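Thanks, everyone, for making time this morning. I would like to walk through one model with you, going from the overall architecture to the ligand shells and then to a few individual residues.

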Amino acid sequence: MYKILCLNKISPVGTKRFGEKYTFSPEVQEPDGILVRSASMHDMELGENLLAIARAGAGVNNIPVNQCIENGVVVFNTPGANANAVKELVLCSLFLTSRKIVSSIDWAKTLKGKGDEVSKLVEKGKSAFTGPEIQGKTLGVIGLGAIGILVANAAKSLGMTVYGYDPFLSVDSAWNLSRSVNHAQSLDEIFATCDYITLHVPLTPETKNLVGTASLQKMKDGVRILNFARGDLVDSDAMLEALQKGKVSAYATDFPDDKLLCAENVIAIPHLGASTPESEDNCAEMAVDELKEYLEDGNIRNSVNMPAISMAREPGTKRICIIHKNVPNTIGLFTSTCGDAGINIENMQSKSRGEYAYTILDVSGEVTADAVSALENLEAIIRVRTIV
Ligand SMILES: NC(=O)C1=CN([C@@H]2O[C@H](COP(=O)(O)OP(=O)(O)OC[C@H]3O[C@@H](n4cnc5c(N)ncnc54)[C@H](O)[C@@H]3O)[C@@H](O)[C@H]2O)C=CC1
Ligand SMILES: O=C(O)C(=O)COP(=O)(O)O
């Protein structure tokens, strides 16, 4: 029986795929796997049994990814599974930041009780809420991954001129991006050119405060900024100052902090980007499948700290899965250690990712505790797991 700890509410459309070999709940002790959405895991102790964490979503800044790999814990996410939901809310926010929709609705509510006067007061007051159309304006998309691409392509079809910036653009993303999206060579080009700027990069030490005092100064007067990626990508103090001075006309964020919540021209949304039934189901299904594949067969798909690796099981073999450092001669040591223990390697695969690597050995012959210890004692080994 595999034990799965659920740190957030996960769609039953996903969890029902676990089947009878699994128990899952928010109270599970000593879990083999963890399912999580946005709950912060930075202060959590990673139990000895823990093999994998699946983030039902995209951003993994709530998970101590590096510490996980040092402990032999594979971290997965669900690329693209919630991208459409975020795209739709971003498109909605292009209009919200333009047309003063939120403040005008708030104002309209103040007319309650004015009886027959309401329609006259509406016509008299509406000029305070004029805002521009998005057609013909320039949009800068920073980060052209699953979400950025959908936003860029959709904005293009709404009549915007779109500039995209992503120095790490993947080949798949390049294939999916509309050819009419302009390729910005630098962030400064986006800042200098765009009427609207939307952020779709992960939060990392490099991207923290991507929007701050210096970058805001380089932007067009009256720019509108959308942040559906992570709060810390934007320096809130610098943003508030820019809003007060009119440098920024409006800021829509899915990650409001206390300072931003009620500030003028801030549209504060309570992290609803991925909160659609469709995305919650997609993410849960993908995360559960990834966990199952790893726990049951040692295959890795969509990990953020380990290479992708997948090998069909050889009937009649046992599988030894080894997480190790990516250093010379490690595989030679595996084969000689197995040979010394009378274990025959029928099939194997090894892949590396940066400093780390993962090797799967499908073996015949008895895999004794001594043989496993001999592998565990090799230098560079992080974790050895045998799947029968
Ligand atoms: N508001 C919400 O509910 C949601 C927020 N997110 C956030 O959005 C982020 C992006 O999500 P996806 O598009 O699904 O991820 P993704 O991994 O598909 O795309 C991220 C893109 O950012 C690019 N990138 C990385 N560093 C960059 C830099 N310094 N400058 C420019 N580009 C850079 C990468 O090359 C990649 O193409 C996530 O990391 C997460 O923080 C994701 C899903 C839901
Ligand atoms: O996928 C992401 O990165 C998100 O921000 C979505 O977070 P959530 O799963 O809605 O808590």
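The secondary structure of this protein comes to 13 helices and 16 strands, and I should say at once that we are looking at a predicted model. Along its principal axes the C-alpha trace spans about 90 × 45 × 35 Å, and of the 388 residues, 39% count as buried. If we take the contacts with a separation of 6 or more, 63% of them are accounted for by residues 24 or more positions apart.

The domain assignment gives domain 1, made of 1-82 + 277-305, then domain 2, covering 83-268, and domain 3, covering 307-388. The centres of domain 1 and domain 2, taken over C-alpha atoms, are separated by 32 Å, and where these two domains meet, eight residues of domain 1 are in contact with seven residues of domain 2. On the domain 1 side, the residues that touch domain 2 divide into two nonpolar, five polar and one charged.

For the C-terminal part there is also a record: UniProt, in an unreviewed entry, lists residues 319-388 as "domain: ACT". Over residues 319-388 the chain in this model is 27% helix and 47% strand, with the end C-alpha atoms 6 Å apart.

Let me turn to the interior. In soluble globular proteins, nonpolar side chains tend to be buried together. Here the largest nonpolar core has 55 residues, and those with the most contacts inside it are Val-86, Ala-152, Val-162, Ile-190, Val-248 and Tyr-251. A second, separate core has 50 residues, including Ala-52, Ile-53, Ile-63 and Ala-287. Going back to Tyr-251, and leaving aside its neighbours within four places in sequence, we find it in contact with Ile-225, Met-239, Leu-243, Asn-265 and Val-266.

Now the ligands. Ligand 1 is surrounded by 33 residues, of which the closest are Gly-59, Gly-143, Gly-145, Phe-168 and Gly-273. The elements that give two or more residues to this shell are α3 (83-99) and α6 (146-157), and α6 gives the most, with three residues. Which domains does the shell around ligand 1 draw on? At least three of its residues come from each of domain 1 and domain 2. By class, the shell around ligand 1 has 18 nonpolar, eleven polar and four charged residues.

Around ligand 2 we find Arg-37, Ser-38, Gly-57, Ala-58, Gly-59, Asn-82, Gly-273, Ala-274 and Ser-275, which by class are two nonpolar, six polar and one charged. Gly-59 and Gly-273 are thus listed around ligand 2 and also among the closest residues to ligand 1.

I will finish with three residues in loops. Lys-9 sits between β1 (2-6) and α1 (12-15), and it counts as exposed because it has 12 C-beta neighbours inside 10 Å. Although Lys-9 and Glu-280 are 271 residues apart in sequence, their C-alpha atoms are 9.6 Å apart in space.

The other two concern the backbone, where most residues other than glycine have a negative phi. Lys-100, in the loop between α3 and α4 (101-109), has a positive phi, near 55°, and it counts as buried because it has 20 C-beta neighbours inside 10 Å. Ala-380, in the loop between α13 (369-376) and β16 (381-387), likewise has a positive phi, of about 80°; with 15 other C-beta atoms within 10 Å, Ala-380 is partly exposed.

Note on methods:
Residues are numbered from 1 along each chain as its sequence is written. Chains are lettered from A and ligands numbered from 1 in the order in which they are written. This is a predicted model: local features need pLDDT of at least 70, side-chain atom pairs count only at pLDDT 80 or more; totals for chains, interfaces and linings use all residues. A residue is near a molecule or strand if its C-beta atom, placed from the backbone, lies within 6 Å of it. Helices (H or I, at least four residues) and strands (E, at least two) are DSSP runs, numbered from the N terminus. Ala, Val, Leu, Ile, Met, Phe, Trp, Tyr, Cys and Pro count as nonpolar, Asp, Glu, Lys and Arg as charged, and the others, Gly among them, as polar. Domain bounds come from an automatic or database domain assignment. A nonpolar core is a set of buried Ala, Val, Leu, Ile, Met, Phe, Trp, Tyr and Cys residues joined through C-beta atoms within 7 Å. UniProt positions are given in the numbering used here, feature names are shortened, and annotations may be inferred rather than shown by experiment.
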